[in-house]
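Let's walk through this structure together, one step at a time. Take a moment to look at it before reading on.

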Number of protein chains: 2
Amino acid sequence: MGRWEPDASARLRQAAMELFVQQGFEQTTVADIARAAGLTSRTFFRYFADKREVLFGGATALENHLVEALADAPGTASPMEAIAVALDSAAEVLTDRHWSAQRQSVIAANAELRERELIKMASLSEALAHGLLQRDIADAEARLAAEAGVAVFRVAFERWVAQAGNQGLSDVLRESFAQLRALAAEPN
Amino acid sequence: MGRWEPDASARLRQAAMELFVQQGFEQTTVADIARAAGLTSRTFFRYFADKREVLFGGATALENHLVEALADAPGTASPMEAIAVALDSAAEVLTDRHWSAQRQSVIAANAELRERELIKMASLSEALAHGLLQRDIADAEARLAAEAGVAVFRVAFERWVAQAGNQGLSDVLRESFAQLRALAAEPN
DNA sequence: CGAGGTGATGTCACTCAATGACATCACCGT
DNA sequence: ACGGTGATGTCATTGAGTGACATCACCTCG
């Protein structure tokens, strides 16, 4: 037995999620979270850069996953095709729809958390654009394809967590991509 | 003569911009800004919800402008066409390219400011989507068109402030929309 | 003209997020 | 045993943000 309980980071994440669900993000202090996890605030900030970040630890992992999938996409794929392949692989990580929904509702209820969510999405977009550059796509084209792809992802993800049925994320993504294609093909 | 110097809000904005440019956002305290404007921190927070907001006062005005332009777009316009019309009207507000560039560089240098910028863009996207709903566009379609349109706007705006030449924002926007059309038309 | 209301600002006290410096102490290998 | 290491705690401090209340020039109304 170690001197300390194991998995301090996971305990903090779990305690934070529970408290946020119970009393909301603002009403929960970092000291509350740390106490619930049997630690001190100082230790919280050793694991998370700030109070919000405790909810976004998985975002970096997701981003890496998608970037790898993009790199593995067929070399013959068009930019949007490659982006679609990459986003589709998110379904491999986001398996627990209920947990995603709970996290989404905490984030939706707080402006600061929505901001953080957005910058994570922007980071994802940049990473995907960078991946397209590796495929000799021109800069503006790559950024635009990545931005549009992430826009599709956001819409699809929200539809996926909110749906009454049990459609897979992949299917919702496919439908949303088709919708964008239709929209952009119209004269403008 | 009034008891106080006029335009407290404008003085705070100006002092903030100068200090941010000189020493950066983080290195500037709210007390610094207030002192430079001949006021106290407490008064700063009466005008701005938080320290970041002093840079984003114009965002609401821009949003309103675009929403009005969207409402004025021809009823026959397709969703993307209407969005393009609305975004084009931004050129009427964003006339001072140098000021925009200066503001952009302050924002780009700080993660918290980038977050705030993103949520303003998201708010713009929501407002535009809402405007499309008024035109009897289906929800998912409206959100997607708005998201894609704002993605185009972001790319175009950055190109506009960074360019060496003197191309108008309208022209850059038109080019970026054409680029999206080409990207989305490709098989995926 | 004087009394009282109004609105913008100041003052004070406080909470909480965040960080740096330094102490503690179980465990591990030598 | 012994010193190093790493995870944690303790303490002090800064700065953002807020609530309660005071101040005071100006305005209006009797």
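A good place to start is helix α7 of chain A, whose buried residues pack against α4 (57–72), α5 (79–88), α6 (97–108) and α8 (139–162) of chain A, and also against α7 (111–133) of chain B. Here a contact means that two C-beta atoms, placed from the backbone, lie within 7 Å, and a residue is buried if 20 or more other C-beta atoms lie within 10 Å of its own. Among the buried residues of α7(A) are L113(A), M121(A), L124(A), L128(A) and L132(A).

Please keep in mind that this is a predicted model, where local features need pLDDT of at least 70, side-chain atom pairs count only at pLDDT 80 or more, and totals for chains, interfaces and linings use all residues. Residues are numbered from 1 along each chain as its sequence is written, while chains are lettered from A and ligands numbered from 1 in the order in which they are written.

Now step back to the whole of chain A, which has nine helices and zero strands; helices (H or I, at least four residues) and strands (E, at least two) are DSSP runs, numbered from the N terminus. Of its 188 residues, 34% count as buried.

How do the two chains relate? A rotation of 180° with 0.0 Å of shift along its axis lays chain A on chain B with an RMSD of 0.1 Å, which is the relation of a two-fold axis. The superposition is by least squares on C-alpha atoms of residues with pLDDT of at least 70 in both copies. Because 100% of the interface residues of chain A are also interface residues in chain B, the copies meet through the same surface.

Methods:
A residue is buried if 20 or more other C-beta atoms lie within 10 Å of its own, exposed if 12 or fewer, and partly exposed in between; C-beta atoms are placed from the backbone.
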